[in-house]
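Trainee: I would like a close look at one part of this model. Please then place that part in the rest of the fold.

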Amino acid sequence: METTAYAPLLKQIASQEADVFLVAMPLHMAFFGLNKADKIRASYHYQKWYMSGHSLGAAMAAMYSADHLKDYRGLIMLAGYPTKDLHAANFSVLSIYGSKDGNAKVLQKNPQYLPNDYTKQVIKGGNHAQFGNYGLQKGDGQATISRKAQQQATSQAVRQYLLAHDK
C-alpha cells in the first residue's frame with residue numbers, strides 16, 4: 001500500500017500526544033525493510049518504544065519485535081498476527097481488528113506467541129482496509145461503519161493502551 005494511506009490514522013494518534021513514525025518500505029512491502037526501525041531508534045532517544053504495523057506490516061513488526069524484545073515495550077498489530085514468540089518481561093501486545101475483516105480467521109494464528117500482557121480490541125463494524133485510506137481490498141468484508149469512525153476507534157484504543165503501559 002502507498003505509505004501515505006496511513007497518514008490520516010497516524011495524525012489522529014499523534015494528536016493524542018504520541019510521537020509516530022511513518023516509514024516508507026521498499027516496494028511498499030514491509031518484509032523488504034524489516035530493520036528500518038533501527039535507524040529511527042538510533043536517531044531518537046525515547047525511554048519507551050512501541051512497534052506497530054498493519055496486515056503484513058503487523059506480521060513483520062511482530063517478527064522484528066520478537067528479535068528486539070529488550071528494546072521495545074510493546075507491539076500494536078492492526079489486523080495482523082504474531083509470527084514469532086513475543087514472551088518477555090515488560091512486553092505487551094495490542095491487537096486491533098474489525099469485526100467485518102475478511103481475514104478474521106487468519107488473525108487468530110499463533111496465539112502461543114502472544115505474551116501474558118495481551119489485549120484484543122475488535123472494532124464493531126470495521127474491516128481490514130479501513131485502517132488505511134487506500135480503498136477496497138480483495139477478500140475483505142463489507143464495513144458497516146465509516147473509515148473515519150474506524151480510525152477514531154483505533155486511535156482511541158491505541159491511546160488507552162499507551163496510557164495503561166506508560167508507567
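What is the volume of the second largest pocket?

Mentor: Keep in mind that this is a predicted model. The second largest pocket comes to about 160 Å³.

Start with the lining. It includes Asn127, Ala129 and Gln130. Next along the chain come Gly135, Leu136 and Gln137. Asp140, Gly141, Gln142 and Ala143 also line the pocket, and Arg147 completes the list. By class, three of these lining residues are nonpolar, six are polar and two are charged. Glycine counts among the polar residues here.

Now the fold around it. The chain has four helices and four strands. From the N terminus, the order reads α-α-β-α-β-β-β-α.

Take the sheet. Its four strands form an open sheet, ordered E1-E2-E3-E4, with parallel pairing. E1 (50–54) and E4 (117–123) are the edge strands, and each has a partner on one side only. On average, neighbouring strands are turned by 10° against each other, with direction ignored.

Walk across the sheet from E1. E1 pairs with E2 (residues 74–78) in the parallel sense, over five bridges. Within that pairing, serine 52 has isoleucine 76 of E2 as its bridge partner. E2 then pairs with E3, again parallel and over five bridges. There, methionine 77 is matched with serine 95 in E3. The last step joins E3 to E4 through seven parallel bridges. In that step, threonine 119 of E4 stands opposite leucine 94.

E3 deserves a pause. This strand spans residues 92–98, and seven of its seven residues are buried. In a regular strand, side chains alternate between the two faces of the sheet. In E3, Ser92, Leu94, Ile96 and Gly98 point one way. Val93, Ser95 and Tyr97 point the other way. Both sets are buried. So leucine 94, the residue opposite threonine 119, is buried, and serine 95, the bridge partner of methionine 77, is buried as well. The cut-off for buried is under 20% relative accessible area.

Next, two backbone details. Most residues other than glycine have a negative phi. Two residues here are worth checking against that.

One is glutamate 17. Its phi is positive, near 65°, and the residue is not a glycine. Glutamate 17 sits in the loop between helix H1 (7–14) and helix H2 (36–43). It counts as exposed because its relative accessibility is 79%, and the cut-off for exposed is over 50%.

The other is serine 55. Its phi is also positive, at about 60°, although serine 55 is not a glycine. This residue lies in the loop between E1 and helix H3 (56–66). Its relative accessible area is 23%, so serine 55 is partly exposed.

Finally, the whole chain. Along the principal axes, the C-alpha atoms fill a box of roughly 40 × 30 × 30 Å. A compact globule of 167 residues would have a radius of gyration near 15 Å. The chain has 15 Å, so the two agree. Of the 167 residues, 42% count as buried.

Back to the pocket. Its volume is about 160 Å³, and its lining holds three nonpolar, six polar and two charged residues.

Methods. Residues numbered from 1 in each chain as written. Predicted model: local features only at pLDDT ≥ 70, side-chain atom pairs only at ≥ 80, totals over all residues. Heavy atoms only, no water. 1 Å grid on protein atoms, 1.4 Å probe; cavity = no way out; pocket = protein on both sides within 12 Å on 5 of 7 lines; lining within 4 Å. Points joined across faces, edges and corners; volume = space filled by probe spheres on them. Pairing = 2+ DSSP bridges. Helix = DSSP H or I, 4+ residues; strand = E, 2+ residues; numbered from the N terminus. Axes fitted to C-alpha atoms, helices over the stretch in contact; angles between N-to-C directions. Rg over C-alpha atoms; globule rule 2.2 N^0.38 Å. Buried < 20%, exposed > 50% of the residue type's maximum accessible area, 1.4 Å probe, protein only.
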